[in-house]
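Here is a walk through one protein model, written for someone who would rather look at residues than at statistics. Keep the viewer open as you read.

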Amino acid sequence: MRSVFYSLLSLATVASTLAVPDNAPAAAARRAEADDDWEDKVPDTIFNGQTVPPMPVLDLKSLDKEIGKGNWLVEFFSPSCPHCRHFAPTYQTAYEFYYTSKPIDAKGAPEGDSLNSFKRFYDFHFAKVDCIAAADLCAAHNVMSYPSMLYFRDGKETQRQQGSKDMKELSQWVEELLETIRPGSRKEGGPKLPKAGDKSIELGPETEEVAKEKEKEEARHKEAASSKLESLRTEPTKAAKSTPTPAEARPVKAVSTFNPSGVSEPLTAEKFQTVITNTLDPWFVKFYAPWCHHCQALKPNWDNMARQMKGKLSIGEVNCDVEKRLCKDAKVRGYPTMLFFRGGERIEYEGLRGLGDLLDYANKATSVGAGVEDVDAASFKALEEKEEVIFVYFYDHATTSEDFAALERLTLSLVGKAKIVKTNDKAMCERFKISTWPRLMVSRDGKPTYYPPITPKEMRDTRQVLTWMKSVWLPLVPELTSSNAKDIMDGKIVVLGILSRDRSDEFILSKREMKSAAIEWIDKQDALFQLERQELRDAKQLRIEEAEDKEDERALRNAKGIRINMDEIERPRVGFAWVDGVFWERWVKTTFGIDVKEGERVVINDEDNRRYWDTTISGEPIRPSRTSILETINKVTQNPPKIAAKSTTGRISGFFLSLNSFAWHHPILAVFGTIGLILAALLGGKKMRRRRGNAAYFQLGEKDGLLGGIGSGNGAAKHD
């Protein structure tokens with residue numbers, strides 16, 4: 001009968017649309033009304049012999065209206081998610097069970113009394129949201145994994161849990177929520193629960209004993225319950241007013257589904273597909289081989305880290321001797337390889353393998369599952385005291401779900417590197433002078449640097465955004481360590497302060513001077529960047545005006561087609577860092593010939609060309625002072641440098657590196673020089689061959705007596 005109704009409904013909708021083609025809004029309204037009628041036809045269900053209405057399915061229009069009052073437990077799910085399909089019967093049965101249950105402290109009320117109902121007594125509702133049909137709604141609530149259950153109290157989210165649950169786990173959470181709504185109303189130990197998919201509760205021997213005991217106590221409770229119901233009739237809002245606020249209520253400890261056992265879980269190809277690839281849950285996974293000595297050395301720290309991340313982050317491991325195809329698909333080229341996964345995305349952990357290093361990375365990785373944090377001015381200020389580098393994404397009401405999805409894709413690459421947050425706070429926009437949205441910025445020690453592209457399309461180019469992030473995700477003056485040395489040194493000239501923590505006052509002052517120099521250099525480069533861009537824009541405008549004056553359409557089109565690309569302009573890349581000269585004493589001495597015990601020093605290192613500078617233009621050592629550093633940078637970044645460099649390698653290696661550097665900076669001269677050398681070699685070889693030929697000819701004449709015979713015939717021979 002339902003299929004016949006749906007068919008007639010579809011035919012009626014099509015017929016009305018074809019009959020009145022010019023009145024599309026009216027047709028759409030009729031279709032929407034017909035859809036609402038169809039939803040009303042969803043059948044009720046029966047539980048324990050009682051009728052249960054369909055669970056509400058909320059969308060973008062209805063969610064805020066419905067959850068604005070009362071207590072709402074809302075499941076955000078995806079129909080394509082296997083965990084959601086597995087959890088669906090459990091959630092539906094829990095809804096039916098609680099909807100038909102009777103409040104314990106209202107026992108003894110007359111049958112059919114509407115006050116003696118779960119919904120009326122607790123004002124507690126179950127609902128769900130389809131994240132495929134309402135993607136914007138799920139994005140607005142930062143739902144990044146399915147299923148996710150959000151608990152709302154009078155429109156405000158107060159708790160959240162993720163992942164599939166069994167009936168006991170779900171009921172335990174619901175019972176704790178109900179206890180906060182009406183303290184003392186729930187029975188300790190919880191109610192007897194049905195199994196997923198049941199339509200009634202089967203009473204076992206233990207339940208029958210409990211039921212008999214309850215019958216004995218029923219008479220005692222009946223009078224108290226009747227008086228309580230009477231008070232509810234006269235003052236229906238009194239109980240609600242006395243309900244404690246979330247701050248006053250007893251705190252509820254959320255049950256996490258991440259790493260519940262605190263162990264590194266062995267993963268097969270099938271299990272990997274189920275728990276990692278098909279979900280958005282974060283996982284930290286080790287790929288190893290049992291015979292690998294490095295893997296054996298890592299195992300104690302890895303297992304210890306898994307124990308300490310219990311309930312926080314899922315930890316796994318893959319034996320590549322057994323799961324060869326899985327390791328090949330993961331592009332594992334060495335053992336051990338540690339990868340952090342979220343769904344189909346991954347990033348390799350390249351840090352140290354000590355327990356502290358693993359825990360530090362894992363703790364930072366736990367924030368990925370919760371999505372990008374939304375902050376205001378006050379919370380951002382508190383965050384600045386803890387984090388040296390913070391990326392901030394500014395958005396407004398017009399920012400789309402596609403923009404937020406692109407933002408979430410960046411979080412994985414930032415694990416262990418920097419913090420990223422988002423905001424639409426007016427005070428934040430005023431502080432950082434934001435006038436276009438969305439906009440991306442990084443704050444390093446309070447110094448803002450803005451991502452140059454500002455169009456939404458460019459902001460969604462995650463590859464381009466990530467490239468920019470990699471160039472600015474280090475602090476202004478980071479400490480050089482073995483784990484970040486490659487990021488700091490490669491591809492740039494680095495002002496490296498060789499400092500000592502032993503002299504605390506001098507150490508603090510030196511770091512402050514280096515940070516001042518770094519900020520001033522960045523400001524100078526930003527001003528130079530703006531000036532160069534403005535000059536290019538002015539040049540383009542002059543060409544346009546010249547073409548308009550000449551009425552040259554072709555020249556006008558060419559002038560307007562000029563694209564200003566600042567990336568094509570070569571600018572020196574300069575970074576700042578400091579190293580503990582006592583801890584790295586041997587490396588500092590052998591590389592730069594400096595002993596920090598003789599005083600703190602600064603070197604300007606060019607790792608790509610294996611050279612460095614340790615003196616100013618006047619020949620004095622570079623000291624950790626703003627003036628000394630800035631004066632020297634300006635000299636060594638010129639082409640060619642105004643100060644002679646020293647080599648960090650031998651003379652032969654230094655000679656070839658110098659040739660390589662010359663060819664890189666002067667490619668045309670290098671090409672002509674190479675051609676000149678080849679021609680010179682060819683001409684030199686030709687002359688050598690000619691000389692050898694002439695020498696052989698004269699020697700042959702003397703031997704055969706050509707000149708001697710002629711001389712003898714003329715009587716001209718002489719003897720000394």
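Two strands count as paired if DSSP finds at least two bridges between them. Strands themselves (E, at least two residues) and helices (H or I, at least four) are DSSP runs numbered from the N terminus. With that in hand, look at strand 3 (residues 71-77): seven bridges join it to strand 4, and the two run parallel. One of the matched pairs is V74, whose bridge partner in strand 4 is A127.

A word on where this comes from: the model is predicted, so local features need pLDDT of at least 70 and side-chain atom pairs count only at pLDDT 80 or more, while totals for chains, interfaces and linings use all residues. Residues are numbered from 1 along each chain as its sequence is written, and side-chain values use heavy atoms, with hydrogens and water left out.

**The whole chain**

The secondary structure of the protein chain comes to 26 helices and 21 strands. Of its 720 residues, 38% count as buried; buried means under 20% relative accessible area, exposed means over 50%, and partly exposed is in between (1.4 Å probe, protein chains only). The chain exposes about 42500 Å², with carbon and sulfur atoms supplying 53% of that. These areas come from the Shrake-Rupley method with a 1.4 Å probe, and for residues only the protein chains shown count as cover. Among contacts (heavy atoms within 4.5 Å) with a separation of 6 or more, residues 24 or more positions apart account for 72%.

**The four-stranded sheet**

Back to strands 3 and 4: they belong to an open sheet of four strands in the order 4-3-5-6, with mixed pairing. Strand 4 (124-130) and strand 6 (156-162) are the edges, each pairing on one side only. On average, neighbouring strands here are turned by 20 degrees against each other, direction ignored.

At the other end of that order, strand 5 and strand 6 pair in the antiparallel sense over six bridges. Y151 has Q159 in strand 6 as its bridge partner. The two strands form a hairpin with two residues between them, and D154 in the turn has a positive phi of about 55 degrees. In a regular strand the side chains alternate between the two faces of the sheet.

What lies across these strands? Helix 7 (residues 167-181) lies across strands 3, 4, 5 and 6, running at about 10 degrees to strand 5. Axes for such angles are lines fitted to C-alpha atoms, for helices over the stretch in contact, and angles run from 0 to 180 degrees between N-to-C directions.

Just ahead of strand 5, S145 sits in the loop between helix 6 (135-140) and strand 5 (148-153). Is S145 buried or exposed? It is buried, because its relative accessible area is 3%. Leaving aside neighbours within four places in sequence, S145 is in contact with Q162, L280 and D281.

**Salt bridges**

A salt bridge here is a side-chain nitrogen of Lys or Arg within 4 Å of a carboxyl oxygen of Asp or Glu. By that rule there are 26 of them, including these:

| Pair | N to O distance |
|---|---|
| K515 and D445 | 3.7 Å |
| R611 and D606 | 2.9 Å |
| K646 and D614 | 3.1 Å |

K515 and D445 link distant parts of the chain: K515 is in helix 20 (residues 504-550), D445 is in the loop between strand 15 (439-444) and strand 16 (447-450), and they are 70 residues apart. K515 is partly exposed at 32% relative accessibility, and D445 is partly exposed at 29%.

K646 in strand 21 (residues 646-647) meets D614 in the loop between strand 20 (611-613) and helix 23 (626-636), so the pair ties together parts 32 residues apart in sequence. K646 is partly exposed at 38%, whereas D614 is buried at 7%. D606 is buried too, with a relative accessible area of 5%. Elsewhere, E585, K589, D595 and K597 are linked in a salt-bridge network.

**Around E388**

D445 turns up again among the contacts of E388, which also touches S443, R444 and P475, not counting residues up to four places away in sequence. E388 lies in the loop between helix 14 (377-384) and strand 13 (389-394) and is partly exposed at 45% relative accessibility.
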